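Student: I've got a model open and a list of labels I'd like to understand. Can we go through how each one is earned?

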Amino acid sequence: MTPDSIDATAPVLLHTRGRAGHIVLNRPRAINALNHAMVRLMDDALTSWERDDAIRTVVLTGAGERGLCAGGDIRSIHDDIRAGGGAASVAFWRDEYRLNARIARFPKPYVAVMDGIVMGGGVGVSAHGSVRVVTERSRIAMPETGIGFVPDVGGTYLLTRTPGELGTHLALTGGAVGAADALLCGLADHYVPSERLAEFTGALADADVDDVLGTYATTAPEGELAAHREWIDACYAADSVEEIVARLYDSGDPAAKETAETILTKSPTSLKVTLAALRRARALTSLEQVLEQEYRVSWAAVTAPDLVEGIRAQVVDKDRDPHWSPAGLAGVTDADVARHFERHEDAGLGLSPEADPR
């Protein structure tokens with residue numbers, strides 16, 4: 001498919017309006033969940049528009065009323081791992097992570113409209129953009145620990161650059177945030193009421209992005225996280241998941257205790273690997289380095305039991321009763337965590353010579 005495609009059934013719709021190129025994720029029944037074909041189509045569009053002097057802005061939106069993108073197509077990942085050992089999933093992640101890096105370095109304004117549900121892979125194709133717009137309907141999350149996975153698509157890069165320990169909180173709990181909290185965490189830049197989105201994106205056809213934002217962006221409704229910063233920063237500064245949970249229980253704040261109980265429903269292995277990935281990401285200097293690390297972690301997850309089991313419980317059988325292995329934090333050893341960061345025989349993403357986190 002090329003830009004200005006008119007195939008309404010395509011998973012990604014591409015068209016131009018004035019000097020803006022529009023990418024519309026088009027699987028509304030699946031809340032526009034990403035698959036490999038969609039990643040390739042997006043990359044092809046960026047290649048075309050990067051070279052086209054007539055296009056000065058790229059705009060990303062999602063079809064339907066439910067959200068921009070609910071993440072990767074995890075059911076297909078489940079089926080691939082069970083049937084083929086995960087080779088297709090790894091190939092998908094390779095191209096997806098390369099696309100995430102490309103979006104972050106795209107030389108023209110990349111305007112991501114993060115309306116409604118934006119989770120996992122949806123964060124990857126939006127929150128690395130140069131202009132990120134949220135609405136009162138936005139619900140943004142990296143919920144991977146709940147399916148036996150670890151935040152990827154550059155999520156550990158984004159979450160380690162939030163104020164204090166907010167990113168650690170979001171990564172371990174998988175909790176969703178609204179507009180104001182997304183702005184607080186640096187996952188978004190501007191708030192535009194959903195009723196004005198059509199006007200906003202239409203105005204980008206012939207006007208500079210900054211001028212359009214000046215007209216349509218306004219103050220977001222008050223968020224929730226700022227009021228909890230004291231216990232979040234104190235509890236999540238601990239060096240282990242076990243200590244974080246203990247501090248949450250001991251803090252005396254009912255919200256902290258509830259958070260501890262939420263964390264303990266997640267995959268123990270995913271929790272420990274996620275915390276390690278976040279701490280390691282803090283020491284890395286570029287998104288590319290973090291993506292290389294995440295690629296190794298994703299490789300390892302394919303060979304572990306929790307990813308298939310987590311997806312089974314959440315979206316296949318939908319019993320919401322995953323049986324994690326190991327079942328508790330005490331059963332996850334340092335060696336179990338360390339193997340997720342080992343070099344793989346795969347050559348990696350090859351984003352840049354300095355991208356190898358070693």
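Tutor: Sure, we'll take the labels in turn, bearing in mind that this is a predicted model.

Student: Let's start with two helices. Why is α1 called roughly parallel to α3?

Tutor: Look at the angle. The axes of α1 (residues 36-51) and α3 (residues 87-104) cross at roughly 30° and come within 9 Å. Angles under 35 degrees count as roughly parallel, so α1 is roughly parallel to α3. The crossing itself is left-handed.

Student: Which residues make that contact?

Tutor: From α1, they are His-36, Val-39, Arg-40, Met-42, Asp-43, Leu-46, Thr-47 and Glu-50. From α3, you have Ala-91, Phe-92, Asp-95, Glu-96, Leu-99, Arg-102 and Ile-103. By type, that gives seven nonpolar, two polar and six charged residues.

Student: And what makes α13 and α14 roughly antiparallel?

Tutor: Here the angle between α13 and α14 is about 160°, with the axes 10 Å apart. The label needs an angle over 145 degrees, so α13 and α14 are roughly antiparallel to each other. α13 passes α14 in a right-handed crossing. On the α13 side, Val-273, Ala-277, Arg-280 and Ala-281 make the contact, and on the α14 side Val-290, Gln-293 and Val-297 do. Those residues split into five nonpolar, one polar and one charged.

Student: Staying with α14, how do you know whether Ser-298 is buried or exposed?

Tutor: Ser-298 is in helix α14 (residues 287-302), and its relative accessibility is 2%. Buried means under 20%, so Ser-298 counts as buried. Leaving out residues up to four places away in sequence, Ser-298 touches Trp-93, Tyr-97, Phe-149 and Asp-152.

Student: What about Thr-162: why does that one count as buried?

Tutor: The reasoning runs the same way. Thr-162 has 7% relative accessibility, and the cut-off is 20%, so Thr-162 counts as buried. You'll find Thr-162 in the loop between α5 (155-159) and α6 (166-173). The Thr-162 side chain reaches the backbone nitrogen of Gly-167 at 2.8 Å. Beyond four places in sequence, Thr-162 touches Gly-167 and Cys-185.

Student: What makes α6 "mostly covered"?

Tutor: Just the count: eight of its eight residues are buried. They include Leu-166, His-169 and Leu-172. The buried residues of α6 pack against α5, α7 (179-184), α10 (229-235), α11 (241-250), α12 (254-263) and α13 (268-282). After α6 comes Gly-174, with a positive phi near 70°.

Student: Now the loop between α15 and α16, where Lys-318 sits. Why does Lys-318 count as exposed?

Tutor: Exposed means over 50%. Lys-318 has 54% relative accessibility, so it counts as exposed.

Student: What is the phi of Lys-318, and why point it out?

Tutor: Lys-318 has a phi near 60°, which is positive in a residue other than glycine. Most residues other than glycine have a negative phi, so a positive one gets pointed out. Arg-320 is in that loop too, and its phi is near 55°, again positive in a residue other than glycine.

Student: Last one: which kind of peptide bond joins Ser-325 and Pro-326, and how do you know?

Tutor: Check omega: it is about 0°, and the bond between Ser-325 and Pro-326 is cis. Most peptide bonds are trans. Pro-326 also lies in the loop between α15 (305-316) and α16 (334-338).

How values were computed. Residues numbered from 1 in each chain as written. Predicted model: local features only at pLDDT ≥ 70, side-chain atom pairs only at ≥ 80, totals over all residues. Heavy atoms only, no water. Axes fitted to C-alpha atoms, helices over the stretch in contact; angles between N-to-C directions. Helix = DSSP H or I, 4+ residues; strand = E, 2+ residues; numbered from the N terminus. Parallel < 35°, antiparallel > 145°, perpendicular 65-115°, else oblique. Left-handed = near helix turned anticlockwise from the far one by under 90°. Contact = heavy atoms within 4.5 Å. Nonpolar A, V, L, I, M, F, W, Y, C, P; charged D, E, K, R; others polar. Buried < 20%, exposed > 50% of the residue type's maximum accessible area, 1.4 Å probe, protein only. Polar contact = N/O pair within 3.5 Å; in protein donor to acceptor, adjacent residues only side chain to side chain.
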